[in-house]
Amino acid sequence: MWSSFPLFGSALIVLVMLCAAYTFSVAVVAGSTGRVRTLQAARFGAYGTVALIAVTVLCLAYAFVSHDFRLRYVSHYSDRGMSTIYLFTALWGGQDGSILWWLFLLSIYIGACVWWLGNKYLELQPYVLATLMVIIIFFCTLMMFAANPFSTSVGGARVDGEGLNPLLQNFYMIIHPPSLYVGFVGCSVPFAFCVAALITGRLDVEWIRASRKWMLFPWMFLGIGNTLGMLWAYEELGWGGYWAWDPVENAAFMPFLVASAYLHSVMIQERRGLLKVWNVALACMTFFMTIFGTFLTRSGAIASVHSFAQSGIGTYFVWFLLIVAAFCFTLVLYRWPELRDLPLNPRFRYGAVGAGWIIAGSTMPGLYLLLGKSQMPFTWKVVIFALAVGAAVYVGLELVFRRLTMDVAHDRKRPYIESVLSREFTFLLNNFALLGFMVFVLVATTFPMLSEALWNEKVTVGPPYYNAWVQPIGLVIYMLMGIGTLFGWKKTSDAALRKAFVAPVAAMVVAVVLHFAVGKQLGFPAIVWGDAIYSGGLGSGLRGFNAATPVLGVAVGVFNLAVIAQEFVFLFRARKNSGADKTPMILYYMGLLPGFVYTLLTLPAASRRRYGGYIVHLGLVVMLLGFTGQSWNVSRETALSPGQTYEVENYAITYVGPRMEVDTSKRMVFADVKVKKNGKDLGEASPAKFIYKKMMENPTTEVAMLHTVRDDLYLVVGNINPQTKLATFQIHINPLVMWIWLGCLVLIAGSFVAMWPELQPEESRAWRFARGTAASVGAASIGILIALMPTQAFAFQTSSLHSGTVKIENDQERDIFQSLRCMCGTCARDALSTCACGTAEEMREIIRGKIARGLTKEQILKEYAEEHGTESLSVPPNSGAMRSIYAVPLVGIAMAGVGLVLMIRRWRKPPGGPPDAPPGAGGDPADSKDAYDKRLDDELRDLDG
C-alpha cells in the first residue's frame, strides 16, 4: 500500500466527501421526517466523517516527517534539514495543506458540536449537521480538483525538498495560523444554527442561546490570531511596525468586526425580542466574511506579503460565495413573516421572495454595465445603475410585494424600543459603527480590484490611507463602547444618566488636562502633527483630527476605564448589600486578584457573561492605549563604526562590532550593540544578517529588540562592510507596544470568564466537556502568551524580509518615500521608505535630486505617477473617480444612519402600544431566571437611581 501512498491519500479525500454526502442526505431526511433513529444515523455519519478527516491529516503529517518527496506539496515546503516542529508547521505553510488543516479544525468543531447537542435541539440538529456537511463537501471538492496536498510531482520524487520559507520558520507561525483558523472555522457552527433556525422557522431566542458560546469561542480566537499576526509582523518582517493594513491582515480583521457586532446584537433579541432579521444577517455575514477572507488570501486576486501564490482556486470560492449568498438571501425572504412578526400567511412568503429576487435580478444588468469594459463615461454608468436599482426597488416593493399582501392583515405583535436613552439604542449605534468600519476596510481592501474592473486603472492602497481615515472611526467605536455601558435596558431616566456619567466624564477631563500639562515633559505630547495624505481642505481636516489622536485616544481610554471600574464598584456594593458575597476571606488576604476572580466565576451565568464582557472591554481599552502609542514613534537611520555611540531620545546605542557564526543551514553575521537608557545599562542586542544555503541570494535581516513597559527599542542592521566593519542601522523607538499584548491577555481572560462552565448536577457530560474544553484551550492560550510577555527589558531576535537598510536623511524624505512604492517588478512593492532593493535606492536618489531642485511633494508624486502609473502611489489620488474609495463607504454610513433614524421612529413605542414580547418569545430572561440575578439587577438599578 505504501508504494501507492499518494493515491491512498487522495482516496481518503474522496471517502471524506462520500461520507459527508451520506451524512448530509440522512440529516435532511431526519429533518423532514422527524425520526430519531434517522437522526442518530446522521450523527454517526458525522463522527465517521470526523474520523476520516483525522486520518487524512495524519497521513499528510507522516509524509512530512518521513520526507516523502513524491508529494509535490511536501517537496515544496520541507527539506531534510528542518526540525520536526517546523515539519508539522509546514502542514499549513502552503495553500494545499492549509485547506486540509481548515477541514481538520472544522471536523474538531463538528465532533464537539455533535457530542454537545446530544438529545437537545432535536428540531435544529438535522439541519445543523446538513449545513456543516455542505461546507466539508466544498473543501473536499477544492482539494480534489484544485489543491490536492497528495498530488505527485511530474518529475518524480526529489532527493531533497525546497524547504520552508525562512520567514515562516518562526515561533509565532507555529501558533498564529492555527489560532486564526480556529477563529475562522468556528464561525461555521453559529452559521449552521442560523441556517437550521431559518429552515425550521424556530427563530426565537432558542438558536441564539444554542450558538452564543459557539460564536464567543471563535471570536476570542480571531482576536488571538490577529494579535499573534501582529506579533509575527512586528518581530519578523523588520519594518518597525505591527500592522500594515495588508489585504490579508484586513481579511482576518473584518470577520472579527462582524462577529463583534453579532455578539452585541443578539443580546437585544434575547432580552427584548428585537432585531431578528439583523441577527440572522450578521450570523450569515460573519461566515461569509470568513470565506471571503480565505478567498482573498488564496486566490492571488490582491498582492500581499502574506498571501499564497496565485491559482485557479479563486473561481471555486467565488461560486461558493455566490451560492451561500443566494441561499441565505432566499431563506431570509422565505421566513420574512416569522422574522418580522407578521401573520403566517403564504402571501407574505411569496411576496417577500418574489420582491427580493426581482430587485436582485433587475439590478444585474446595471451591475454588469457598471463593471463591464464599455467605453461609456463612468458618471453615466453610475447614473444608469442608480436608475436600474430604483426601478427594481419600485417594481419589487410596489408591484409585487404590496399587491400580493394588499388584502392581508398586517397586525404585528412585536416589542418596541421605548426610548433612545436605552441600551438597545446604543447597541444599535455600536452595531452600525462596527459594520461601517468593516465596510470601510472592505472597500479599501478590494479597491485595487474594483478600480481595475471599473476604470481599467491599477491602484494601491497603502497604510497612510488607512491610518488617516481609520482613526476617527475607531475612536467613535471606542466611545460608543463606553457610553453604551452607562445606559439601562428599555429606558434610562435623566437623573440616572447624569449620575452614571459624572465619574467617567470627570476622569476623562482630568486625563485631558494632565496630558496637556505634563505629557510633553514625559515624552508623550498631547498633539502630534503628521503629514497630510491629500492637499486641500479634506487633507487638512484629516491631518488636524489625527494630530489630536494622542489626547483623544487617552481621553476615550480613560473614559472607558472609569466606566468599567464604576460597574465593578456597583457589583461589589450590590453583593455586599444583598448578602450574596460568599467569597472566602482568605482569598482577599492572598491579594485582591484571587478574591476578584473567585467572585466573577461564582456569579450566575447571566451576570458572569455581563462582567466577563466588561473585562473584554478592559482588554480592548488597554490595546487602544497601546495603539495610541504609535503617535509617538521615533525612527532614525545611522552608520556606526565599532566603538561609536549614537543617541536618540533617552537611548544611547554603542556599536561593539561584528561577529560571525555558522550552522548547518546558514551563515550568521551579527552586529553587537550595547544599550543605555537614561545613563543606565539596559542590555545588549545583536541584530544580524542570516544567509541561508538554499537562499544565498536573499539574505534575511534578524531584528533585535529590547522590550519595556514604556517602549520598545527596535534595531535593524543593514549593510556591514567586511573591511571597515562599518554598519548601518535602522533604530525605531515604539512606545506602549507592550500594552497591546497585555490587552490581548486581558481580552482572553474576559472571554474565559464569559465562557466559564456552569457545572450543575443535572448537566450533561457532553456540555461539560464542550465548555470545559473551551475554557482549557483559552487557559492554554493565556499561558502561551504570558510566557512571551517580558516584565523587564530583554533582547529578542527575529528575522526580516529585508536584506538591506533604507537611509532616510530627514522627515521630508520620509514623508515622500512612504507615499511612493517601488515599481521594479521583482519585490513586494513596498514603500520606498522600507524597500531595500537596488531599484528603490536608485529611485530615492532621483527623488533627492528633485527635492534639492525645490520641487514640492505634490509635484514629485505627480511626476512619479505619470512615469509609473497610479499604482505607484500609496494613497489613491483625491481626484475624479478615485474619490469613490472614501465617498462610497461614507455615503453608505450616512444612508445607514438615516435608515437607523427612520427605523427608530417606527419602532418607538407609542402610548398604549403593543406590549413587549413574553420571556419565552425573546423577553428579558432575567425575569424568568433565578431570584439572585433579579435581586442583583434591582440593587444596581437602585444605585443608578
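Colleague: How many Å² does the accessible surface of the chain come to, and what share belongs to carbon and sulfur atoms?
Modeller: In this predicted model, the accessible surface is about 39800 Å², with 64% of that belonging to carbon and sulfur atoms.

Colleague: What share of the residues of the chain count as buried?
Modeller: The figure is 54% of 945 residues. The chain has 30 helices and 10 strands.

Colleague: Why are helix 19 and helix 20 called oblique to each other?
Modeller: Helix 19 (residues 537-547) and helix 20 (residues 549-578) pack at about 50 degrees, their axes 5 Å apart. Roughly parallel needs an angle under 35 degrees, and roughly perpendicular needs 65 to 115. The angle of about 50 degrees fits neither class, so the pair is oblique.

Colleague: Which residues make that contact?
Modeller: Helix 19 contributes Phe545, Asn546 and Ala547, while helix 20 contributes Thr549, Pro550 and Leu552. By class, 4 are nonpolar, 2 are polar and none is charged.

Colleague: How do you know that Cys19 is in no disulfide?
Modeller: The search of the whole structure finds 0 disulfides. For Cys19, the nearest cysteine sulfur is that of Cys140, 10.0 Å away. A disulfide requires the two sulfur atoms within 2.5 Å, so the sulfur of Cys140, at 10.0 Å from that of Cys19, is too far for a bond.

Colleague: What makes Cys19 and Cys140 buried?
Modeller: Buried means under 20% relative accessible area. Cys19 has 17%, so Cys19 is buried. Cys140 has 0%, so Cys140 is buried too.

How values were computed. Residues numbered from 1 in each chain as written. Predicted model: local features only at pLDDT ≥ 70, side-chain atom pairs only at ≥ 80, totals over all residues. Heavy atoms only, no water. Axes fitted to C-alpha atoms, helices over the stretch in contact; angles between N-to-C directions. Helix = DSSP H or I, 4+ residues; strand = E, 2+ residues; numbered from the N terminus. Parallel < 35°, antiparallel > 145°, perpendicular 65-115°, else oblique. Contact = heavy atoms within 4.5 Å. Nonpolar A, V, L, I, M, F, W, Y, C, P; charged D, E, K, R; others polar. Buried < 20%, exposed > 50% of the residue type's maximum accessible area, 1.4 Å probe, protein only. Areas by Shrake-Rupley, 256 points an atom, 1.4 Å probe, with all protein chains shown as cover.
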